[in-house]
Amino acid sequence: MVRFDRVSKRYSSPGTQGGGKEALSSVNFELQRGEFAFLTGHSGAGKSTLLKLMMLMERPSRGQVIIDGQNLARLRPSQVPFHRRKVGVVFQNHQLLFDRSVFDNVALPLQIAGFTPAEAGRRVRAALDSVGLLGMEKRNPIELSGGEQQRVGIARAVVNKPPLLLADEPTGNLDPELSEEIMKLFTRFQQVGVTVLIATHDIALIERMGHRRLILDQGSMVQGQLQEGVYG
Ligand SMILES: Nc1ncnc2c1ncn2[C@@H]1O[C@H](COP(=O)(O)OP(=O)(O)OP(=O)(O)O)[C@@H](O)[C@H]1O
């Protein structure tokens with residue numbers, strides 16, 4: 001489902017010829033369809049950069065990112081929105097709009113994709129149901145607890161039924177009990193075939209969950225890396 005083939009990323013910073021140091025250095029890994037993996041590493045190791053390359057929020061300096069058989073470097077601009085619909089994204093601060101209802105927050109990606117109101121309504125209710133928030137459509141996210149807000153963020157990420165779900169520190173602001181609940185939700189999506197990749201610092205949680213672990217250290221993948229030459 002996901003393949004990184006010798007991917008490096010160097011951000012261009014003003015004043016430094018050729019840019020600063022590499023945020024990612026020759027990263028090679030694969031995630032099979034339906035796999036669940038954690039991505040860890042120290043602050044600044046390159047976790048967010050790796051996720052951003054999959055969402056096309058950044059482009060690699062070298063190497064190739066292939067998602068669902070598609071080399072992202074070869075996507076035409078008109079195909080980019082279609083790619084983004086395949087990748088659900090959950091952020092730590094969930095980025096909800098507090099001047100809109102729960103329904104409107106979850107419906108946002110569907111409006112962008114041009115669904116009819118009836119189909120959008122059906123999908124929003126299904127997404128809210130999948131995170132245990134059916135019946136909360138009319139509430140404002142500000143009235144909800146931190147855990148519930150994060151569930152709204154997850155409902156929004158899955159409303160397009162993406163085959164790939166990425167999360168960047170999704171439990172960063174939650175206590176251990178709520179974190180575990182959120183992780184169980186991710187597991188349920190995996191059980192229906194979604195590929196899940198979660199960047200987190202929460203080592204205790206990772207150890208309890210026991211999924212595959214990819215580890216970045218200063219931009220290099222020190223666990224989970226496929227060896228050079230595997231791709232021929
Ligand atoms: N837009 C940017 N411009 C320049 N440098 C950047 C940019 N984004 C990230 N970096 C640098 O790239 C490196 C990797 O950053 P990244 O945010 O991917 O790490 P991270 O592992 O997600 O860290 P954290 O756990 O703190 O979120 C860091 O050295 C960071 O300073």
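## Helix α5 on the sheet

In this predicted model, helix α5 lies across strands β6 and β7. Its direction makes about 165° with that of β6. The two strands underneath run parallel and are joined by 5 bridges. To find one of these pairings, look at V89, whose bridge partner in β7 is L166.

## The six-stranded sheet

Now zoom out to the sheet these strands belong to. It is an open sheet of 6 strands, and reading across it gives the order β6-β7-β8-β3-β9-β10, with mixed pairing. Which strands stand at the edges? They are β6 (87-91) and β10 (220-223); each has a single partner strand, so one side of each is left without a neighbour in the sheet. From one strand to the next, the twist averages 25°.

Helix α1 packs on this sheet too, touching β3 (36-41), β6, β7, β8 (195-199) and β9 (212-217). Compare its direction with that of β7 and you get an angle of about 150°.

At the β10 edge, strands β9 and β10 run antiparallel, with 3 bridges joining them. One pair to look for is L216 with its bridge partner M221 in β10. The two strands form a hairpin with 2 residues between them. Q218 sits in that turn and has a positive phi of about 45°.

## Around the ligand

What surrounds the ligand? The shell is made of Y11, S13, A23, G41, S43, G44, A45, G46, K47, S48 and T49. Sorted by character, that comes to 3 nonpolar, 7 polar and 1 charged.

Helix α1 (residues 47-55) gives the most to this shell, with 3 residues. So α1 turns up twice in the tour: it packs on the sheet, and it contributes to the ligand's surroundings.

## Helix α3 and its two partners

Helix α3 (residues 102-113) is worth a stop, with α5 and α4 to look at in turn. Two packed helices are described by the angle between their axes and the distance between the axes.

Start with α5 (residues 146-158): its axis and that of α3 come within 7 Å and cross at roughly 30°. That makes α3 roughly parallel to α5. The crossing is right-handed. On the α3 side, the contact is made by V102, N105, V106, L108 and P109, while α5 brings V152, A155 and R156. These residues divide into 6 nonpolar, 1 polar and 1 charged.

Then there's helix α4 (residues 117-130), which packs with α3 at an angle of about 125°, with the axes 9 Å apart. The two helices are therefore oblique to each other. Again, the crossing of α3 with α4 is right-handed. Here α3 supplies F103, V106, A107, L110 and Q111, and α4 answers with A120, R123, V124, A127 and L128. The tally for this contact is 8 nonpolar, 1 polar and 1 charged. Keep an eye on V106: it takes part in the contact with α5 and in the contact with α4.

## Strand β1 and its neighbours

One last stop is strand β1 (residues 2-10). It runs antiparallel to β2 (residues 22-31), and 6 bridges join the two. Within this pairing, F4 stands opposite F29 in β2.

Strand β1 also pairs with β4 (residues 62-67), again antiparallel, through 5 bridges. Which residue of β4 is the bridge partner of V2? That would be I67.

Note on methods
Residues are numbered from 1 along each chain as its sequence is written. This is a predicted model: local features need pLDDT of at least 70, side-chain atom pairs count only at pLDDT 80 or more; totals for chains, interfaces and linings use all residues. Axes are lines fitted to C-alpha atoms, for helices over the stretch in contact, and angles run from 0 to 180 degrees between N-to-C directions. Helices (H or I, at least four residues) and strands (E, at least two) are DSSP runs, numbered from the N terminus. Angles under 35 degrees count as roughly parallel, over 145 as roughly antiparallel, 65 to 115 as roughly perpendicular and the rest as oblique. A crossing is left-handed if the near helix is turned anticlockwise from the far one by less than a right angle, and right-handed if clockwise. Two residues are in contact if their C-beta atoms, placed from the backbone, lie within 7 Å. Ala, Val, Leu, Ile, Met, Phe, Trp, Tyr, Cys and Pro count as nonpolar, Asp, Glu, Lys and Arg as charged, and the others, Gly among them, as polar. A residue is near a molecule or strand if its C-beta atom, placed from the backbone, lies within 6 Å of it. Two strands pair if DSSP finds at least two bridges between them.
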